[in-house]
Amino acid sequence: MSIRIRFALRPKNRLTGYREWTPDAAETMIRELAGEQGYTCESLSGCLLCRLCPEGYIWFHWDKRVLKGESQTNIVGPGFHVAVIAFLEQLAGQGKLKLKVDDKTGYYWRRDFLTMRRKYFYQWFMDLMKLVSGWENGPEYTFCWPSSYYIPEKQEGKLITHIRPFSFMEIRGVVNSGLSMAFARDFFIWNEIEKDAVYYRNCALVLLNQSCFFMPSSRCETDKKVNDRIIECLEKALAMDSSLPFPLKEYLEICRLAEHEPVDVSHAEPLSRELFVGCRRHLIYRKLGNMKFCLPGSFMFDENCRNGMDHYYDGVEYGGHDLYIYAVVLGTGGTSKFKKAWFEQGTPEEEFLFDVDKGKGKAVFYAPEEKDGEMVYNMSAQVLYKEQRTNINITCRKPGEMEWALDLVKKITITE
């Protein structure tokens, strides 16, 4: 059971201050308040998404002159629950709006933080631990993982969460001990009302676990932003409480990648176990129709690609690989077939036919060719399953990597 806040905002009068009540005016009000508080906003699928912290979002949408929305708070924690209500109240106050809130925890009316945290958030956490404690060796290996994000590679004996992997031994220890409060602060990002040292450390852990490519900041702006934010959060946490268990190894690694001079960590207490390694250090998976394909976690997505294919790459100076992929789906009941033209993009040297999970695959290695003053090694592949045909091109810039490229294709699985 998730913990949510649902709300509606409408003007007390026809005008909200000097602004008429319109979708644009409402969005401007939200963005201005978010900017004042250091939050970010983005438009997504007809909604405005306000981000308060990693995994902490408020969704707004316009509905017949009413600004409605919701926020799921159980993953981020009770402190975030309080922050969402505070943001909505400030928005209502500044805009002279009526605020209606649906809050099943009762905090909106009673403002009893400790009771709300114990009765709802800690109980939800314990129920979750009991639920997943028996999942070992089962097909499910993620929980509280962003559903629209990539799928991380399985880690032996662990369940992967938004903040870090939890070993099954650790989960069973939580359940058997009943000490949910002691473990909750390592799970919730925002466990207190204030943004304390644990909050900043846990924000950094989420970024390390989900978003960090573990690549030099010089590679691209995305790497720089992620690395810089991790360093900022960890240094705040260390300055606020040097006794807090600290991801020392990861901090020093990100400082090296960012060419940042580390602060004094001689008194920092390292995390006692290998609690976290970072999902993008490993292979990751993405869904495409009825298939799930695999690529290294260090690969970036090219948002500017306009050739109808999804393009993933690591940069010429950082491996020099390019992966292009798209799917063709026939009408219902159709059966996909290999298309000869797809394998005529160079001079074929080797051809392979193979099984891919429940589907069929074909790949062709081409002879090396010079392009833009460099040698490139290309492979084309197709994977068929029922009515879907998935087309893949992989380019390498070092000899001897075609088997690696073929192995990525063979890792495709059927998701239905």
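Here is a friendly exchange about how some descriptions of this predicted model are reached.

Reader: Before the details, how many helices and strands does the protein have?

Author: The protein has 10 helices and 24 strands. Its C-alpha atoms fill a box of roughly 70 × 55 × 45 Å along the principal axes. Of the 416 residues, 51% count as buried.

Reader: What makes α4 and α5 oblique to each other?

Author: Start with the angle: the axes of α4 (residues 113-132) and α5 (residues 168-177) cross at roughly 130 degrees and come within 9 Å. Angles over 145 degrees count as roughly antiparallel, and 65 to 115 as roughly perpendicular. The value of roughly 130 degrees fits neither range, and α4 and α5 are therefore oblique. The crossing of α4 past α5 is left-handed.

Reader: Which residues make that contact?

Author: From α4 come Phe125, Met126, Met129, Lys130 and Val132, and from α5 come Phe168, Ile171, Val174 and Val175. By class, the contact of α4 with α5 has 8 nonpolar residues, no polar ones and 1 charged. Lysine is in the charged class, and Lys130 of α4 is one of the contact residues.

Reader: Why is α8 also called oblique to α9?

Author: The reasoning runs along the same path. Helix α8 (residues 221-240) and helix α9 (residues 248-258) pack at an angle of about 135 degrees, with their axes 10 Å apart. Roughly antiparallel needs an angle over 145 degrees, and roughly perpendicular stops at 115. The angle of about 135 degrees therefore makes α8 oblique to α9. The crossing of α8 and α9 is left-handed.

Reader: Which residues of α8 and α9 make the contact?

Author: On the α8 side they are Asn227, Asp228, Ile230, Ile231, Leu234 and Glu235. On the α9 side they are Tyr251, Ile254, Cys255, Leu257 and Ala258. The contact of α8 with α9 divides into 8 nonpolar, 1 polar and 2 charged residues.

Reader: How do you know that α9 is mostly covered?

Author: A residue is buried when its relative accessible area is under 20%, and 8 of the 11 residues of α9 are buried. They are Leu248, Glu250, Tyr251, Glu253, Ile254, Cys255, Leu257 and Ala258. What covers them includes α7, α8, β12 (245-246) and β13 (269-270). Just after α9, Glu259 takes a positive phi of about 55 degrees.

Reader: Why is Thr142 called partly exposed?

Author: Thr142 has a relative accessible area of 22%. Buried means under 20% and exposed means over 50%, so Thr142, lying in between, is partly exposed. Thr142 sits in the loop between α4 and β9 (151-152). Leaving out residues up to four places away in sequence, Thr142 touches Trp135, Pro152, Leu159 and Ile160. His162 is 20 residues from Thr142 in sequence, and their C-alpha atoms are 8.7 Å apart.

Reader: And what makes Glu194 partly exposed?

Author: The relative accessibility of Glu194 is 46%. Exposed would need over 50%, and buried under 20%, so Glu194 counts as partly exposed. Glu194 is in the loop between α6 (180-184) and α7 (197-211). Its C-alpha atom is separated by 54 Å from that of Asp355, 161 residues away along the chain.

Conventions
Residues numbered from 1 in each chain as written. Predicted model: local features only at pLDDT ≥ 70, side-chain atom pairs only at ≥ 80, totals over all residues. Heavy atoms only, no water. Axes fitted to C-alpha atoms, helices over the stretch in contact; angles between N-to-C directions. Helix = DSSP H or I, 4+ residues; strand = E, 2+ residues; numbered from the N terminus. Parallel < 35°, antiparallel > 145°, perpendicular 65-115°, else oblique. Left-handed = near helix turned anticlockwise from the far one by under 90°. Contact = heavy atoms within 4.5 Å. Buried < 20%, exposed > 50% of the residue type's maximum accessible area, 1.4 Å probe, protein only.
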